[in-house]
Amino acid sequence: MKFKILIIAVQLVFFIQLNAQNTGVIEGRVFNSKNNEAVGFASIGVFGTSIGSISDLDGNFLFTGLTPGYVELRVSSIGFDTYVSEPILVTNARKVFIDIPLQEAQILLEEVSVKASPFRRDVESPVSMRRISLVEIEKNPGGNRDISKVIQSYPGVASTPSFRNDVVVRGGGASENSFYLDGVEIPNINHFATQGASGGPVGIINVDFLREVNFYSGAFPANRGNALSSVIEFKQIDGNKEKLKFKGSVGASDLALTFDGPIGEKTTYIVSARRSYLQLLFSAIGLPFLPTYNDFQFKVRTRLDEKNEITFIGLGAIDQFRLNLDANETEEQRYILGYLPVNEQWSYTVGAVYKHFRESGYDTWVLSRNKLNNISYKYYGNDEDSIKSFDYDSYETETKFRYEHFSQYSSGIRLNVGGGLEYSNYSNYTFREVLINGNLLSQNYTSKLDLIKWDAFAQMTKSVLDERLTLSLGARFDATNYSKETSNVLDQFSPRFSASYRLSQYVFLNFNMGRYYQLPSYTTLGFRNATGDLVNKDMGLKFIRADHIVAGIEIIPDEKSRFTIEGFYKHYHNYPYSVVDSVSISSKGADFGTYGDEEVLSIAEGRAFGTEFLYRNRDLLGMNITMSYSLVRSEAEAFRSAILSQGKWTETAWDNRHLINILILKEMKKNWSIGGRWRYVGGVPYTPYDEVQSSLVKQWDVRGMGILDYNRFNQERLKAFHQLDLRIDKEFFLKNISMNFYIDIQNVYNFKADQQSILVLDEDSPTPILNPTDPSDQWNYDLKNLAIQGGTVLPTVGIIIQF
């Protein structure tokens with residue numbers, strides 16, 4: 001039997017190789033990015049080869065007979081800056097369509113000699129901006145085509161060994177990020193998201209839609225607000241212009257089906273649906289919770305004429321979660337079943353982007369709506385016939401409008417001005433019991449909140465000194481009608497300034513300083529006390545403020561490599577301070593459920609600072625290499641006297657200190673490729689448990705878990721963890737179909753990551769209740785510390801088919 005299977009496999013491979021042909025096609029258009037006018041007679045070459053073409057009068061060009069694989073295009077034309085495209089996947093199964101924008105050059109080519117590079121620079125954000133290409137997303141070892149995991153390969157981004165995708169950038173919290181999909185703001189990018197933050201176990205965005213990702217860890221453009229640590233922009237592909245195409249993939253956790261094609265002559269579409277089978281994997285390895293997620297995504301783009309186009313996008317998720325009551329064989333399993341609530345979520349974002357091109361620029365109108373429903377509950381003893389110990393049901397709805405007016409003048413000045421208006425609705429029903437000062441109190445409230453937000457922004461960029469020095473000055477104003485502390489735009493005035501000086505053909509000095517504001521989460525804005533008052537509003541809740549300074553040097557010695565060094569400093573003001581716990585809430589938000597739904601004061605300060613080193617080489621001995629080291633410190637203001645005795649500052653939960661990433665991708669003969677990623681993440685501080693308060697019967701029966709001792713806030717630290725991930729791909733390019741088989745192995749050498757021990761009931765104790773003679777409201781369980789470790793070898797076999 002095994003011999004027959006081997007013969008069939010050999011025959012299949014032989015058939016595939018026999019039918020493989022070089023029939024890859026790229027069709028595209030070269031245009032002026034300022035006004036969408038065609039650029040005729042532009043020179044287009046396949047980067048790294050002698051293959052070339054010339055665009056016609058309408059800017060159109062065509063390549064045929066290309067060898068399948070990833071290619072880049074170099075485009076040049078008199079009067080324009082040379083452009084090198086992101087990597088493009090060419091297959092025999094589908095024609096590739098690409099639009100190539102060229103920027104007008106401000107000086108003649110002979111006046112300066114600057115080589116074109118695939119590492120395109122952003123004039124508004126010369127520091128702290130990384131472009132992530134399709135090949136880096138598709139073949140990232142351990143990434144499993146999840147953009148949240150791919151981002152963790154870049155400087156300053158921390159990761160955890162747990163099943164979470166928290167976006168933790170330069171020592172900032174997981175709630176300090178904003179995300180844009182083709183210019184439409186989306187509230188989160190993960191399934192089973194922590195409400196009020198950004199984390200979750202797996203990403204929502206289907207990478208089959210992505211063309212490239214722009215990741216800002218600082219120097220945010222003025223038209224991007226409500227972020228303190230990062231802005232992430234996702235740019236999507238268009239659908240096929242000629243005929244219906246299909247792409248399907250089976251990976252580590254889900255099945256994805258994607259269709260794209262034309263709707264008439266002017267419109268294309270791309271649509272996908274994904275269904276997870278995580279519940280099967282989790283059940284097989286004995287985890288006590290079984291998540292199931294579904295998501296849907298679409299994009300429709302219509303080019304009305306040469307000067308007008310409109311794009312519709314949509315993204316939705318349905319997340320369902322149930323407890324696996326049969327997985328109760330170990331103490332850790334029983335502990336998880338004892339405290340973990342059932343969680344269900346659904347969310348969506350829909351948006352329209354209309355763009356009108358003018359002679360010297362373009363206008364952009366963006367209208368969108370997003371909604372999140374988060375439901376969580378827990379029954380006593382997980383018995384649905386009993387009463388609930390916890391019940392939560394919340395909605396967040398946002399309707400947003402943004403207008404931008406971009407102009408590029410003959411003097412070389414680039415100007416972008418605009419503003420936005422937003423209507424938000426938040427509702428929340430909460431029932432829970434919490435222990436405050438040794439007393440078990442019930443919180444039972446309903447909250448509804450309607451907000452109007454508005455903003456205005458402007459950014460001007462100009463190059464001087466024969467294009468050696470580029471300056472960019474921006475300003476932004478934000479406000480909301482939530483309270484008098486948030487309604488004056490002058491209180492949220494956020495200026496920013498960038499400069500980039502070209503020392504030589506290869507060396508740039510870069511600098512940015514800016515002030516950024518973020519409104520606290522809806523869970524904080526809408527929190528009500530026992531009397532039903534918006535207590536945080538009454539106590540003067542404010543926008544959170546972060547002041548950034550970033551400086552660095554960038555060296556681009558050739559068109560294949562890049563080296564950067566950046567130093568950064570962030571200072572936080574008005575961070576919410578937990579009244580109950582007497583600490584800044586900046587260290588929270590790294591767990592499932594909700595974040596920020598408590599009484600707070602806008603009085604905490606914080607800071608994060610460090611240095612990042614990044615080296616990238618796209619062809620070092622035939623390998624694509626990315627190496628980075630980050631030294632990151634993250635600290636919050638101390639309030640408790642036990643901590644103040646050690647100084648004003650104490651470490652936050654994001655104080656990893658040392659982050660190392662090494663990513664190597666290697667293309668081999670006959671369409672084989674191999675990649676490896678090794679990462680080292682310094683251990684983070686944690687707060688130990690208050691074993692006395694945790695053992696109280698009245699609190700344990702309600703929460704099923706320990707209470708942290710905030711008098712020892714972040715006074716312990718986990719050991720560092722490191723991990724090696726490997727991936728092998730084999731691609732087959734047939735005449736009408738392409739296939740990619742891959743094997744991905746996470747944590748190859750099975751490193752066991754250190755984790756905080758947990759408190760569990762001592763099931764072998766002869767006295768389960770230590771003090772049965774005391775009044776019942778003072779009883780204490782006999783608890784013990786249970787050591788746990790994270791990390792296991794996780795192999796995945798996947799297949800991607802397109803035709």
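1. A term to begin with: a cavity here is a set of grid points where a 1.4 Å probe fits but cannot get out. Please keep in mind that you are looking at a predicted model.

2. With that in hand, the structure holds eight cavities of 30 Å³ or more. The one I'd like to walk you through is the second largest, whose volume is about 250 Å³.

3. Who sits around this space? The second largest cavity has a lining of 27 residues. Pro118, Phe119, Arg120, Arg131 and Arg562 are the ones that lie nearest its centre. Strands E10 (129–133), E31 (561–578) and E33 (600–620) are the elements that each give two or more residues to this lining. The largest share comes from E10, with four residues.

4. If you plan to look at the chemistry of that wall, the lining of the second largest cavity divides into 14 charged, seven nonpolar and six polar residues.

5. Now to the surface, where there is a nonpolar patch formed by Leu244, Val250, Leu255, Leu257, Phe259, Val271, Phe298, Phe312 and Val350. Together these residues have about 670 Å² of accessible area. Strand E18 (residues 254–263) gives the most to the patch, namely three residues.

6. One member of the patch deserves a closer look: is Val271 buried, partly exposed or exposed? This residue lies in strand E19 (residues 267–276). Its relative accessibility is 34%, so Val271 counts as partly exposed, the range for that class running between under 20% for buried and over 50% for exposed.

Key
Residues numbered from 1 in each chain as written. Predicted model: local features only at pLDDT ≥ 70, side-chain atom pairs only at ≥ 80, totals over all residues. Heavy atoms only, no water. 1 Å grid on protein atoms, 1.4 Å probe; cavity = no way out; pocket = protein on both sides within 12 Å on 5 of 7 lines; lining within 4 Å. Points joined across faces, edges and corners; volume = space filled by probe spheres on them. Nonpolar A, V, L, I, M, F, W, Y, C, P; charged D, E, K, R; others polar. Patch = residues over 30% accessible without salt bridge, like charges linked within 9 Å, V, L, I, M, F, W, Y side chains within 5 Å. Areas by Shrake-Rupley, 256 points an atom, 1.4 Å probe, with all protein chains shown as cover. Salt bridge = Lys/Arg side-chain N within 4 Å of Asp/Glu carboxyl O. Buried < 20%, exposed > 50% of the residue type's maximum accessible area, 1.4 Å probe, protein only.
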